[in-house]
Amino acid sequence: MADTAAAPVTVNGRTYRPTNRPVVIVCVDGCEPDYITQAIEAGVAPYLKTMCECGTSLLGDCVVPSFTNPNNLSIVTGVPPAVHGICGNFFYDAERRQEVMMNDARYLRAETILASFSHAGAKVAVVTAKDKLRALLGHHMRGICFSAEKADKATLGENGIDNVLALVGMSLPSVYSADLSEFVFAAGVALMKRDRPDVMYLSTTDYVQHKHAPGTPEANAFYAMMSGYLEQLEALGATVALTADHGMNAKTDAAGRAQIVFLQDWFDRELGAGKARVILPITDPYVVHHGSLGSFATCYLPSGADVDALCHKLANVPGIEAVLPRRAAAARFELPEDRLGDVVVISERLVVLGTTPARHDLSGLDAPLRSHGGVSEQKVPLLFNRPLKDIPAGRRLRNFDVFDLAFNHSA
Ligand SMILES: [Zn+2]
């Protein structure tokens with residue numbers, strides 16, 4: 001069925017060739033691969049099982065910091081943060097001398113695949129759970145782009161669509177709920193039925209993954225829900241490609257106590273109070289999930305500080321996995337050097353990084369802390385409902401290869 005008008009597009013050095021099927025790229029927030037395995041084992045996600053058996057299941061590496069914004073932007077641009085510029089949810093804008101959210105499109109340094117397709121004449125639709133990503137994902141894009149969080153406020157002028165609640169047939173979900181993600185999938189199916197977009201990007205929230213480990217009833221219920229919607233997209237003729245922005249791990253000891261290294265306190269002891277500035281790029285307005293605790297931090301040091309000596313000393317603190325000076329960190333993790341502090345700190349799998357206890361409100365946590373941000377959350381699924389062909393042996397796959405794999409390699 002030749003139902004696509006889309007032409008090939010080249011963006012950020014890669015070319016994407018549409019086939020005659022709509023392509024749906026799904027970014028499942030916080031989807032440690034084991035969530036899918038356990039849901040299939042429990043028998044609750046039959047379509048995910050079909051994807052594994054009849055399509056393709058691979059693993060890829062996400063971008064470190066394994067946070068939401070850097071990875072969503074890597075996925076939709078096809079390149080790492082060194083190119084597109086978004087290296088955190090939050091960062092220190094050295095030019096403005098301010099700690100700011102990085103969800104403004106002025107921080108984006110690359111065009112998105114979505115925008116490029118839309119300008120090449122393709123019908124493009126984007127649905128994201130949280131509104132914090134909408135402006136970045138929809139940058140320069142023509143077509144439909146809205147968040148589940150603000151679905152009731154979507155207008156034709158701003159979002160390319162109105163009356164979303166009626167179209168989806170759901171009431172507005174709470175921002176802290178599994179329903180926020182279900183709304184994304186339900187909207188995707190409704191849009192596929194009504195508009196049949198050539199390219200659709202669906203991005204969920206990790207509310208469930210922050211609270212519930214793989215294989216738990218709540219996690220399995222989430223993946224059962226997702227399996228049903230993806231099956232509907234397949235029935236509508238779409239190529240479905242699933243990946244994640246990052247994995248997720250428990251950050252606790254055996255008693256369920258959060259394992260936290262407080263970096264501001266550590267630097268205050270080493271250098272004097274307030275001399276270093278610790279930035280936690282996980283920080284966003286939705287702190288109930290994680291209390292702003294993740295496994296990646298960057299620190300600005302006072303001039304004259306002995307960076308190498310501090311790196312060496314901090315690397316020996318229990319729970320710390322790696323401490324790298326700016327340039328080495330930028331090279332290893334493909335990050336924009338001008339948006340990093342003097343050092344980058346990564347904690348071990350069961351450990352998170354904080355500033356000082358008073359600045360982390362854990363009262364919203366009603367379950368042992370689960371979080372992400374480090375190298376330990378880098379493995380993510382790459383799951384397709386079609387066989388893939390012509391992938392060179394030994395190629396290191398990334399989550400931001402998902403558009404390339406879906407467009408250029410699906411059989
Ligand atoms: Zn995320």
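Guide: Let's start with metal donors: they are N, O and S atoms within 2.8 Å of the metal (3.2 Å for Na, K and Ca), and water is not among the atoms, so sites may look incomplete. One caution first: this is a predicted model, where local features need pLDDT of at least 70, side-chain atom pairs count only at pLDDT 80 or more, and totals for chains, interfaces and linings use all residues. Residues are numbered from 1 along each chain as its sequence is written, and side-chain values use heavy atoms, with hydrogens and water left out.

Visitor: Which residues coordinate the zinc ion?

Guide: D29 (OD), T68 (OG1), D245 (OD) and H246 (NE2) do, at 2.0 to 2.1 Å. Along the chain, the donors are spaced as D-x38-T-x176-D-H. T68 and H246 link distant parts of the chain, 178 residues apart: T68 sits in helix α3 (residues 68-77), H246 in the loop between β10 (239-243) and β11 (249-250). Those element names come from DSSP runs, numbered from the N terminus: helices are H or I with at least four residues, strands are E with at least two.

Visitor: And what is the geometry of the site of the zinc ion?

Guide: Ideal angles are 109.5 degrees for four tetrahedral donors. Four donors count as tetrahedral if all angles lie between 85 and 135 degrees, and as square planar if opposite donors are over 155 degrees apart and all others between 65 and 115; six count as octahedral by that second rule, and anything else is irregular. Here the angles among the four donor atoms run from 92 to 137°, and the site is irregular.

Visitor: Now the helices. At what angle do α9 and α11 pack?

Guide: Axes are lines fitted to C-alpha atoms, for helices over the stretch in contact, and angles run from 0 to 180 degrees between N-to-C directions. Under 35 degrees counts as roughly parallel, over 145 as roughly antiparallel, 65 to 115 as roughly perpendicular and the rest as oblique. Helix α9 (residues 178-194) and helix α11 (residues 217-235) pack at about 5°, with axes 9 Å apart, and are therefore roughly parallel.

Visitor: How do α2 and α11 cross?

Guide: The axes of α2 (residues 46-54) and α11 come within 7 Å and cross at roughly 60°, so the two are oblique. Contact means heavy atoms within 4.5 Å; P46, Y47, L48 and M51 of α2 meet Y223, M226, S227, L230, E231 and E234 of α11.

Visitor: What about α12 and α13?

Guide: Helix α12 (residues 263-271) packs against helix α13 (residues 307-315) at about 130°, with axes 12 Å apart. That pair is therefore oblique too. L263, W266, F267, E270 and L271 of α12 touch L310, K313 and L314 of α13.

Visitor: Any backbone details? Which peptide bond is cis?

Guide: The one from V64 to P65, with omega near 10°. P65 lies in the loop between β4 (56-61) and α3. Also look at H140, a residue other than glycine with a positive phi, near 65°; its place is the loop between α6 (134-137) and β8 (144-147).
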